[in-house]
Amino acid sequence: METMVCPMGGGATRLYSTLTQTLSSSSPLPLPPSHLELHQPADTNLDPDFCQAQNGPPVCPLDAAQLLRQCDEALKDRPPRFPRKFIHLSDGDRSPIRVMQWNILAQALGEGLDGFVQCPLEALSWSRRKYLILEEILTYRPHILCLQEVDHYYDTLKPVLVGLGYSSNFCPKPWSPCLDVEGNNGPDGCALFFDQSRFKLLESVNIRLSAMRIPTNQVAVVMMLRCRSTGRCLCVAVTHLKARSGWEWLRSAQGSDLLRHLQNLVQKHCGGPAGDTSPDVPLLICGDFNAVPAEEVYRRFITSPLGLDSAYKKLSQDGSTEPEYTTWKIRPTGECCTTLDYIWYSKDMLRVDAVLDMPTEEQIGPNRLPSFSYPSDHLSLVSDFSFKAKQ
């Protein structure tokens, strides 16, 4: 099957000014530990299916098993889940760090702009998709969760996951195409969640990515975390680069800008000299790069002096080839089956212990994604990591 970069939905036509005021042109935004998120909109209504008022502020479920049962009940008439399994690569750590990367498909884009011509409208409804999204997260229960196209952060994902022990940060796109869709739920953006029982937050930074010093519409969330069991630091980033064919040069520039920010942040926490490309803090960079492995931005990451590799290459027999697809969809412009999503890691400081495999073409079905079985046009990537012994 011919690999192609898929055309995305239409661009935004106006600025979401109240949120872009928080984003400077290519400068990171340090957020104080006591307030990780951007200010929550005053008119946010928490999802009543998950958060019930109990003589005071709404309370969200604290038990993951209970919430998973709730999802099962709400989805009892749906087709079976994809039977994915972990491919174990080493004995690994007894308590590895589980990382999930996932473009969950913004609700406004799924219903309004993306044109999934083979997906029934009922399968795209938020009343159904929210259960499928939470079920996917709860099934694998990652310690670090990196999401793109999040437009239900404040009303659903944040309150539910905070109730399960996660802390998080969200960074909206300055010009989100969701705002052009009638009845939208606000701008989409990137969100990064971490399990507070495993990690302590040291610093959180929101970045508006630049190309040649010109601010763009793409963002990243970066966190410096300390593992509570080992005391070791870990720098985690989530991003979503520019979509569409013809913008390869921009994705490359955005990727270079992100790598520069990460190097500076790690050097700051290591106390190393400026220009030191091998600091003692491993990196995890998750994202929808909108780029196939042949693109320049991929080459920039794989050849970076930061010593990065892609975890999902481990699924291939030779350990050097990306999966055939991480997204598979049918739009009015045609069928698109390609690899755009990655989990990058510091290969000299982290070991990949296990990787969740991909569903087969038969399991995905002839109408592709999204579907009644799966809520997004992108598949989740899940990988277990452990720290390598220090040299």
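**Entry 1. The chain as a whole**

I began with burial: of the 391 residues in the protein chain, 59% are buried. I note here that the model is a predicted one. I then looked up the secondary structure and found eight helices and 18 strands. Next I checked the contacts with a separation of 6 or more, and 77% of them are accounted for by residues 24 or more positions apart.

**Entry 2. The sheet**

I followed one open sheet, in which seven strands take the order 4-17-18-5-6-8-7 and the pairing is mixed. Its edge strands are strand 4 (86-88) and strand 7 (166-172), each of which pairs on one side only. I looked up the turn between neighbouring strands of this sheet, and on average it is 20°, direction ignored.

I went through some of the pairs. Strand 17 (residues 350-356) and strand 18 run antiparallel and are joined by five bridges. I noted valine 352, whose bridge partner in strand 18 is phenylalanine 385. Strand 5 (residues 97-103) also pairs with strand 18, in the antiparallel sense and over five bridges. Here methionine 100 has valine 382 of strand 18 as its bridge partner. Strand 5 and strand 6 (residues 144-150) pair in the parallel sense, over five bridges. For asparagine 103, the bridge partner in strand 6 is glutamine 148.

I then looked for helices on this sheet. Helix 4 packs on the sheet and touches strand 4, strand 5, strand 6, strand 17 and strand 18. The direction of helix 4 makes about 160° with that of strand 5. Helix 5 (residues 153-163) packs on the sheet as well, touching strand 6, strand 7 and strand 8 (189-195). The direction of helix 5 makes about 160° with that of strand 7.

**Entry 3. Strand 18**

How many residues of strand 18 (residues 381-387) are buried? I found seven of seven, and the strand is mostly covered. I recalled that side chains in a regular strand alternate between the two faces of the sheet. In strand 18, Leu381, Ser383, Phe385 and Phe387 point one way. Val382, Asp384 and Ser386 point the other way, and the residues of both sets are all buried.

I also looked at the loop between helix 8 (361-364) and strand 18, where proline 370 is found. The peptide bond from leucine 369 to proline 370 is cis, and its omega is near -10°.

**Entry 4. Helix 5**

I asked why helix 5 can be called largely enclosed by the rest of the structure. Ten of its eleven residues are buried, so the description fits. The buried residues of helix 5 include Tyr153, Tyr154, Asp155 and Lys158. I traced what the buried residues of helix 5 pack against, and found helix 2, helix 4, strand 6, strand 7 and strand 8. Just after helix 5 I came to glycine 165, which takes a positive phi of about 100°.

**Entry 5. Helix 4 and its two partners**

I looked up helix 4 against helix 5, and they pack at an angle of about 35° with their axes 12 Å apart. The crossing in which helix 4 passes helix 5 is right-handed. On the helix 4 side the contact is made by Trp126, Ile133, Leu134 and Ile137, and on the helix 5 side by Thr156, Leu157, Val160 and Leu161. By class I found seven nonpolar residues, one polar and no charged in this contact.

I then turned to helix 2 (residues 64-74) and helix 4 (residues 126-140), which pack at an angle of about 140° with their axes 9 Å apart. That angle makes helix 2 oblique to helix 4. Helix 2 passes helix 4 in a left-handed crossing. Among the residues that make the contact are Leu67, Leu68 and Cys71 of helix 2 and Tyr131, Leu134 and Leu138 of helix 4. The contact of helix 2 with helix 4 has eight nonpolar, two polar and two charged residues.

**Entry 6. Two positive phi values**

Last I looked at two residues other than glycine. Leucine 105 has a positive phi, near 75°. Its place is in the loop between strand 5 and helix 3 (107-112). Is leucine 105 buried or exposed? Its relative accessibility is 1%, so leucine 105 counts as buried.

Glutamate 149 lies in strand 6. Its phi is also positive, near 55°. At 3% relative accessibility, glutamate 149 counts as buried.

Definitions and conventions
Residues are numbered from 1 along each chain as its sequence is written. This is a predicted model: local features need pLDDT of at least 70, side-chain atom pairs count only at pLDDT 80 or more; totals for chains, interfaces and linings use all residues. Side-chain values use heavy atoms; hydrogens and water are left out. Axes are lines fitted to C-alpha atoms, for helices over the stretch in contact, and angles run from 0 to 180 degrees between N-to-C directions. Helices (H or I, at least four residues) and strands (E, at least two) are DSSP runs, numbered from the N terminus. Angles under 35 degrees count as roughly parallel, over 145 as roughly antiparallel, 65 to 115 as roughly perpendicular and the rest as oblique. A crossing is left-handed if the near helix is turned anticlockwise from the far one by less than a right angle, and right-handed if clockwise. Contact means heavy atoms within 4.5 Å. Ala, Val, Leu, Ile, Met, Phe, Trp, Tyr, Cys and Pro count as nonpolar, Asp, Glu, Lys and Arg as charged, and the others, Gly among them, as polar. Buried means under 20% relative accessible area, exposed over 50%, partly exposed in between (1.4 Å probe, protein chains only). Two strands pair if DSSP finds at least two bridges between them.
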